[in-house]
Amino acid sequence: MLDVNVNGTFLVTSLISSAMKAQEPKLLDVKFPAHGTTRGAIVNLASVSSFISVPSMVQYTTSKHAALGISKTAAIDNVAHNIRVNCVCPAWTDTPMVQRAMEVVPGLEQSFLAGVPMGRLAQLEEVANAVIFLCSPKSSFMIGSSLIMDRGMSLACKT
C-alpha cells in the first residue's frame with residue numbers, strides 16, 4: 001500500500017513534471033489570454049482519509065496523507081513552470097475492489113453508508129469528472145488544491 005500510494009505518487013509526479021517542463025508552454029485558454037500559459041496539469045489521487053482518521057487503518061491513512069503532501073509540494077515546485085498540480089480526495093467509491101470487500105466483510109456496506117449523509121458510494125464517473133475539471137482551463141487558478149469528494153462524510157465524521 002505504501003509503495004503504490006506514496007512511492008508511486010512521488011515517482012509518477014516527478015517523472016511527469018520533468019516531461020512537462022520540457023514542453024513548450026501553450027496558451028491556457030484562447031478565450032481568456034490573461035489566464036496565461038500552461039505546460040499541463042497533474043491530478044493525484046488521495047482520499048478523504050487525507051483529512052480524517054479511520055480506526056485500524058493507519059497504513060492507508062498515512063499513505064493518503066503522504067499523497068496529499070506530495071501533491072502540495074509538487075504544486076509549489078511546479079508553479080513557476082506553468083504546471084498545475086492538484087489532488088482529488090474521494091471517500092468510498094464503487095469500484096470492483098470495494099465491491100469485493102463488501103461481499104467478504106459482513107456489514108461493511110452498511111458501515112460505509114452510515115457515515116455518509118447522502119447515503120451512497122461515489123460512482124467512478126463522479127471522480128473522473130472532478131479529475132477532468134482539474135485538468136481543464138476552468139480550474140486555471142487552482143494549484144495545490146485538495147478537492148474533497150465525500151458526500152458530506154467529513155462533515156459528519158465521528159472519529
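In the predicted model, Ala 46 makes contacts with residues well outside its own stretch of the sequence: neighbours within four places aside, its partners are Lys 64, Ala 67, Leu 68, Cys 87, Val 88, Cys 89 and Pro 90. Ala 46 belongs to the loop that links β3 to α2. With a relative accessible area of 3%, Ala 46 is classed as buried, because the limit for that class is under 20%. Several of the partners can be placed on named elements. Helix α2 spans residues 58-78, and Lys 64, Ala 67 and Leu 68 are among the contacts of Ala 46. Strand β4 covers residues 83-90, and Cys 87, Val 88, Cys 89 and Pro 90 also touch Ala 46. Between Ala 46 and Val 12, which are 34 residues apart in sequence, the C-alpha to C-alpha distance is 14 Å.

Ser 49 is found in the loop between β3 and α2, the loop that also holds Ala 46. The relative accessibility of Ser 49 is 5%, so this residue counts as buried. When neighbours within four sequence places are left aside, Ser 49 contacts Val 54, Tyr 60, Thr 61, Lys 64 and His 65. Lys 64 therefore appears in the contact list of Ser 49 and in that of Ala 46, where contact means heavy atoms within 4.5 Å.

Gln 59 is part of helix α2. Its relative accessible area is 48%, so Gln 59 is partly exposed. Beyond its neighbours within four places in sequence, Gln 59 is in contact with Met 1 and Leu 2. The C-alpha atoms of Gln 59 and Leu 2 lie 7.1 Å apart, although 57 residues separate the pair in sequence.

The overall arrangement gives these local details a setting. The protein contains five helices and five strands, and their order along the sequence is α-β-β-β-α-β-α-α-α-β. A box of roughly 55 × 30 × 25 Å, taken along the principal axes, holds the C-alpha atoms. The chain has 159 residues, and 36% of them count as buried. Among contacts with a separation of 6 or more, 68% join residues 24 or more positions apart. The protein exposes about 9200 Å², and 65% of this area is supplied by carbon and sulfur atoms. There are 12 positive and 10 negative charges, and the mean positions of the two sets lie 7 Å apart.

Empty space was examined next. Rolling a probe the size of a water molecule over the atoms shows where empty space is left. The largest pocket encloses about 640 Å³ of space. Its lining consists of 24 residues, and those nearest the centre of the pocket are Tyr 60, Lys 64, Trp 92, Met 97 and Val 98. Two of these names have already appeared, since Tyr 60 and Lys 64 are among the residues in contact with Ser 49, where contact means heavy atoms within 4.5 Å. Four helices, α2, α3 (96-104), α4 (108-114) and α5 (124-135), each supply at least two residues of the lining. The largest share comes from α3, with three residues.

Helix α3 also contains Glu 103. The relative accessible area of Glu 103 is 63%, so this residue is exposed. Glu 103 and Leu 27 are separated by 76 residues in sequence and by 48 Å in space, C-alpha to C-alpha. Ala 22 lies in the loop between α1 (2-21) and β1 (26-27). With a relative accessibility of 67%, Ala 22 is classed as exposed, because the limit for that class is over 50%. Between Ala 22 and Glu 103 the C-alpha to C-alpha distance is 47 Å, and 81 residues separate the two in sequence.

The backbone of Asn 82 was also examined. Most residues other than glycine have a negative phi. Asn 82, which is not a glycine, has a positive phi of about 60 degrees. Asn 82 sits in the loop between α2 and β4. Its relative accessible area is 29%, so Asn 82 is partly exposed.

Definitions and conventions: Residues numbered from 1 in each chain as written. Predicted model: local features only at pLDDT ≥ 70, side-chain atom pairs only at ≥ 80, totals over all residues. Heavy atoms only, no water. Buried < 20%, exposed > 50% of the residue type's maximum accessible area, 1.4 Å probe, protein only. Areas by Shrake-Rupley, 256 points an atom, 1.4 Å probe, with all protein chains shown as cover. Lys, Arg positive; Asp, Glu negative; His and termini not counted. Charge placed at Lys NZ, Arg CZ, Asp CG, Glu CD. 1 Å grid on protein atoms, 1.4 Å probe; cavity = no way out; pocket = protein on both sides within 12 Å on 5 of 7 lines; lining within 4 Å. Points joined across faces, edges and corners; volume = space filled by probe spheres on them.
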